[in-house]
Amino acid sequence: MTTTDPRAVVIRYVEAVRDGDVDVIHDSFAEDVTWHYPGDLPISKVWRGRDRVIDEFLGSMGPVLVPGTLEIELVSTLAEDDRVVAEWTSRARTVYGGTYDNRCLGIYTVRDGRITSVVEYADTHHVATTLFPGDGTGRRTDAE
C-alpha cells in the first residue's frame, strides 16, 4: 500500500477493479472488511471478511459477465475524515444477452490505508433483471 489517504485508497481500489489488478484489489481491503449490499437480491446481505468479499461477492459477478466487456468509470469522490463516497458507472455485456449499465454509489470507510467497510447502492431492479434473470423475481432465496 502506497498511501493511507482515504480518498486515494478508494480511487486506487476502483481503478484496480477497472484494470483487473487482483493484487491491488486484495491489498485494498482490511482482513475484517464488511461490504453491505442492500436490497432483495441473491447478493444482498452484509459480506464479512476480505476473502468472502473478494471471492464470493465480487467474484460472483464474473460468471454472469462476458469476459473482457466490463467497463468501470469513476465519476466522483467526496471525502471527509476516514469516509469516502465514490460514484461510478459499471457497464458490461451479460451471458444472458443483455447489457448491464448501472450507476453505483459506495460509502467507504478507510483506516490505516485499508478499506474496512463499504455500503453500496445501485439500481437493484436493473441488477435483478440483467444479472439474475433466471431467478424470476430477483429476490433472495437464502435467509441471511
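Two rings of Phe, Tyr or Trp, taking the six-membered ring for Trp, count as a pair if their centres lie within 6.5 Å. I start there because the first item is a set of such pairs, and the tilted class covers planes that are neither under 30 degrees apart nor over 60. The model on the screen is a predicted one.

Searching the whole structure gives nine aromatic pairs. Take Trp35 and Phe57: their centres are 5.3 Å apart and their planes are at 45°, which is a tilted pair. Trp35 belongs to strand β1, residues 29–37, and Phe57 to helix α3, residues 50–57, so this pair ties together parts that are 22 residues apart in sequence. Phe57 has a second partner in Trp47, with 5.6 Å between the ring centres and 40° between the planes, so that pair is tilted as well. Trp47 sits in strand β2, residues 45–48, and Phe57 is ten residues away from it in sequence.

Are these three residues buried or exposed? Trp35 is buried, at a relative accessible area of 2%. Phe57 is buried at 4%, and Trp47 is buried at 6%. The cut-off for buried is under 20%, so each of the three values falls below it.

Ring pairs join these residues to others in a cluster made up of Tyr13, Phe29, Trp35, Tyr37, Trp47, Phe57, Trp88 and Tyr108. Trp47 also has a charge over its ring: the charged end of Lys45 is 4.2 Å from the ring centre.

Next, the core. In soluble globular proteins, nonpolar side chains tend to be buried together. Here the largest nonpolar core has 35 residues, and the members that touch the most other members are Tyr13, Phe29, Trp35, Ile43, Tyr108, Ile115 and Leu131. At least two residues of this core come from each of α1 (6–19), α2 (22–28), β1, α3, β4, β5, β6 (114–121) and α4. Helix α1 gives the largest share, five residues.

Tyr108 is worth a look for its contacts. Setting aside neighbours within four places in sequence, Tyr108 is in contact with residues including Val10, Tyr13, Val14, Trp35, Trp88, Ile115 and Val118. Val118 is also the bridge partner of Tyr108 in β6.

That brings me to the strands. Strand β3, residues 71–80, and strand β4, residues 83–93, pair in the antiparallel sense over nine bridges. Strands β4 and β5 are antiparallel too, over eleven bridges, and β5 runs antiparallel to β6 with seven bridges joining them. One position can be followed across three strands: Leu78 has Val85 as its bridge partner in β4, and Val85 in turn has Ile107 as its partner in β5.

Now the turns. Most residues other than glycine have a negative phi. Which residues in the hairpin turns have a positive phi? In the hairpin of β3 and β4, with two residues between the strands, it is Asp81, with a phi of about 55°. In the hairpin of β4 and β5, with five residues between the strands, it is Gly97, at about 95°. In the hairpin of β5 and β6, again with two residues between the strands, it is Asp112, near 55°. Asp81 and Asp112 have these values although Asp81 is not a glycine and Asp112 is not a glycine. Asp81 is exposed, with a relative accessible area of 66%, and Asp112 is exposed at 75%.

Last, helix α4, residues 124–131, which contains His126. At the start of α4, a side-chain oxygen of Asp123 comes within 3.1 Å of the backbone nitrogen of His125. The buried residues of α4 are His126, Val127, Ala128, Thr130 and Leu131, and what covers them includes β1 and β5, the latter spanning 99–111.

His126 itself is buried at 16% relative accessibility. What does the side chain of His126 have within polar reach? One of its polar atoms lies 2.9 Å from the backbone nitrogen of Asp101. Not counting residues up to four places away in sequence, His126 touches Thr99, Tyr100, Asp101, Asn102 and Leu131.

Note on methods
Residues are numbered from 1 along each chain as its sequence is written. This is a predicted model: local features need pLDDT of at least 70, side-chain atom pairs count only at pLDDT 80 or more; totals for chains, interfaces and linings use all residues. Side-chain values use heavy atoms; hydrogens and water are left out. Helices (H or I, at least four residues) and strands (E, at least two) are DSSP runs, numbered from the N terminus. Buried means under 20% relative accessible area, exposed over 50%, partly exposed in between (1.4 Å probe, protein chains only). A charge sits over a ring if NZ of Lys or CZ of Arg is within 6 Å of the ring centre and within 35 degrees of the ring normal. A polar contact is a pair of N or O atoms within 3.5 Å; within protein, one must be able to donate a hydrogen and the other to accept it, and residues adjacent in sequence count only if both atoms are side-chain atoms. Contact means heavy atoms within 4.5 Å. Two strands pair if DSSP finds at least two bridges between them. A nonpolar core is a set of buried Ala, Val, Leu, Ile, Met, Phe, Trp, Tyr and Cys residues joined through side-chain atoms within 4.5 Å.
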